[in-house]
Amino acid sequence: MNYHVLTLFPEMVQQGLNTSIIGRAMDKGLITIDAINIRDYSKDKHKRVDDYPYGGGAGMVMQAEPVYLAYKDVQERIKSAQSSEQSQGKPRVVYVTPQGQLFNQKLAEELAKEDDLIILCGHYEGIDERVLEMIVTDYISIGDYVLTGGELPAMVMIDAISRLIPGVLNNDSSAQFESLQDNLLEYPQYTRPEIFMDRKVPDVLLSGHHANIEKWRRQQSLLRTLKNRPDLLKEANLTEEDRKFLNQL
Ligand code: ADE
């Protein structure tokens with residue numbers, strides 16, 4: 001996966017993602033993150049990229065031209081990188097905005113299948129609508145709150161998508177058996193010591209009885225989801241046994 005982030009703060013994106021698992025994924029060549037500075041495409045002698053909104057109102061608006069030119073340049077780069085391989089079609093262009101569709105695990109899984117992803121980060125009061133209409137394919141929000149810019153949402157998305165790419169996590173199965181797979185929250189985890197400040201690890205986990213452990217974990221997932229995210233249960237793939245368990249609570 002090659003990410004191309006159009007931003008006014010490229011170093012924020014690069015530095016925020018070059019450590020730990022995502023940093024290693026870059027070292028291994030499983031992902032690349034290209035952060036493109038929109039300001040480099042300003043034709044203004046002071047490299048301005050924003051201006052007052054038509055119609056008045058608070059704040060500044062990012063101008064269409066530098067965003068468009070930055071996008072065109074990225075599109076060219078992607079094309080020339082692909083020229084040796086077969087053409088993949090036009091890459092998706094995600095504009096991160098609180099007005100977009102809510103980002104979730106399902107959308108992360110869908111986007112993880114792309115070869116290239118262009119992510120556009122806004123600042124100030126937003127970006128001139130005309131360039132959005134011209135280039136954006138997906139409007140995505142990471143939650144119902146407003147941040148100061150699109151860089152953190154872009155980083156959140158890159159993290160969530162990248163860990164689904166084969167080879168990024170050491171243990172291939174750990175991306176499968178986790179929170180929100182199947183719309184259930186993850187069961188609680190424990191490690192040594194067996195007793196921590198008078199709190200003991202649940203006996204079943206020490207029993208070595210794999211079927212019982214699986215059953216206990218499934219029930220814990222169901223209980224957690226019911227308590228913390230009952231909305232998810234409606235979408236979950238419940239077995240007859242799951243339903244029986246929930247009904248007797
Ligand atoms: N930009 C500002 N707030 C945002 C949010 N919640 N999601 C995506 N992009 C944003």
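# A friendly tour of a predicted model

Tyr-124 sits in the loop between strand E6 (116-121) and helix H5 (129-135). The model is a predicted one, and the questions below start from this loop.

User: Is Tyr-124 buried, partly exposed or exposed?
Analyst: Good place to begin! Buried means under 20% relative accessible area and exposed means over 50%, with partly exposed in between. Tyr-124 has a relative accessibility of 39%, so the class for Tyr-124 is partly exposed.

User: What is the phi of Tyr-124, and is the sign positive or negative?
Analyst: Tyr-124 belongs to the loop between E6 and H5. Although Tyr-124 is not a glycine, its phi is positive, at about 55°.

User: Which loop holds Asp-198, and what is the phi there?
Analyst: Asp-198 is placed in the loop between E8 and strand E9 (199-200). Asp-198 is not a glycine, yet it has a positive phi of about 70°.

User: Is Asp-198 buried or exposed?
Analyst: The cut-off to keep in mind is that exposed means over 50%. Asp-198 has 77% relative accessibility, so Asp-198 counts as exposed.

User: Where is Pro-193, and is the peptide bond from Arg-192 to Pro-193 cis or trans?
Analyst: Look in the loop between H6 and strand E8 (195-196), where Pro-193 is found. For the bond that runs from Arg-192 to Pro-193, omega is near 5°, and the bond is cis.

User: Which helix contains Gln-75, and is Gln-75 buried or exposed?
Analyst: Gln-75 is part of helix H3 (residues 64-82). A residue is buried when its relative accessible area is under 20%. Gln-75 comes out at 6%, and it therefore counts as buried.

User: What joins the side chains of Gln-75 and Lys-72?
Analyst: Gln-75 lies in H3. Its side chain is linked to that of Lys-72 by a polar contact of 3.1 Å.

User: Where is Arg-229, and which residues does it contact beyond its neighbours within four places in sequence?
Analyst: Arg-229 occupies the loop between H8 and helix H9 (230-233). With 35% relative accessibility, Arg-229 counts as partly exposed. Once neighbours within four places in sequence are set aside, the contacts of Arg-229 are Leu-185 and Arg-224.

User: How many residues apart along the chain are Arg-229 and Asn-183, and what separates their C-alpha atoms?
Analyst: Along the chain, Arg-229 and Asn-183 are 46 residues apart. In space, their C-alpha atoms are separated by 9.4 Å.

User: At what angle do H8 and H10 pack, and what is that arrangement called?
Analyst: Two packed helices are described by the angle between their axes and the distance between the axes. Helix H8 (residues 210-228) and helix H10 (residues 240-247) have axes 11 Å apart, at an angle of about 55°. H8 and H10 are therefore oblique to each other.

User: Which residues bring H8 and H10 together, and how many of each class are there?
Analyst: The crossing of H8 and H10 is right-handed. From H8 come Lys-215, Arg-218, Gln-219, Leu-222, Leu-223 and Leu-226, which meet Glu-241, Asp-242, Phe-245 and Leu-246 of H10. Sorted by class, this contact of H8 with H10 has five nonpolar, four charged and one polar.

User: How do H1 and H6 cross, and how many of their contact residues are nonpolar?
Analyst: Helix H1 (residues 10-17) and helix H6 (residues 151-162) cross at roughly 30°, with axes that come within 10 Å. Met-12, Val-13, Gly-16 and Leu-17 in H1 touch Glu-151, Leu-152, Met-155 and Ile-158 in H6. In the contact of H1 with H6, one residue is charged, one is polar and the nonpolar ones number six.

Conventions:
Residues are numbered from 1 along each chain as its sequence is written. This is a predicted model: local features need pLDDT of at least 70, side-chain atom pairs count only at pLDDT 80 or more; totals for chains, interfaces and linings use all residues. Side-chain values use heavy atoms; hydrogens and water are left out. Axes are lines fitted to C-alpha atoms, for helices over the stretch in contact, and angles run from 0 to 180 degrees between N-to-C directions. Helices (H or I, at least four residues) and strands (E, at least two) are DSSP runs, numbered from the N terminus. Angles under 35 degrees count as roughly parallel, over 145 as roughly antiparallel, 65 to 115 as roughly perpendicular and the rest as oblique. A crossing is left-handed if the near helix is turned anticlockwise from the far one by less than a right angle, and right-handed if clockwise. Contact means heavy atoms within 4.5 Å. Ala, Val, Leu, Ile, Met, Phe, Trp, Tyr, Cys and Pro count as nonpolar, Asp, Glu, Lys and Arg as charged, and the others, Gly among them, as polar. Buried means under 20% relative accessible area, exposed over 50%, partly exposed in between (1.4 Å probe, protein chains only). A polar contact is a pair of N or O atoms within 3.5 Å; within protein, one must be able to donate a hydrogen and the other to accept it, and residues adjacent in sequence count only if both atoms are side-chain atoms.
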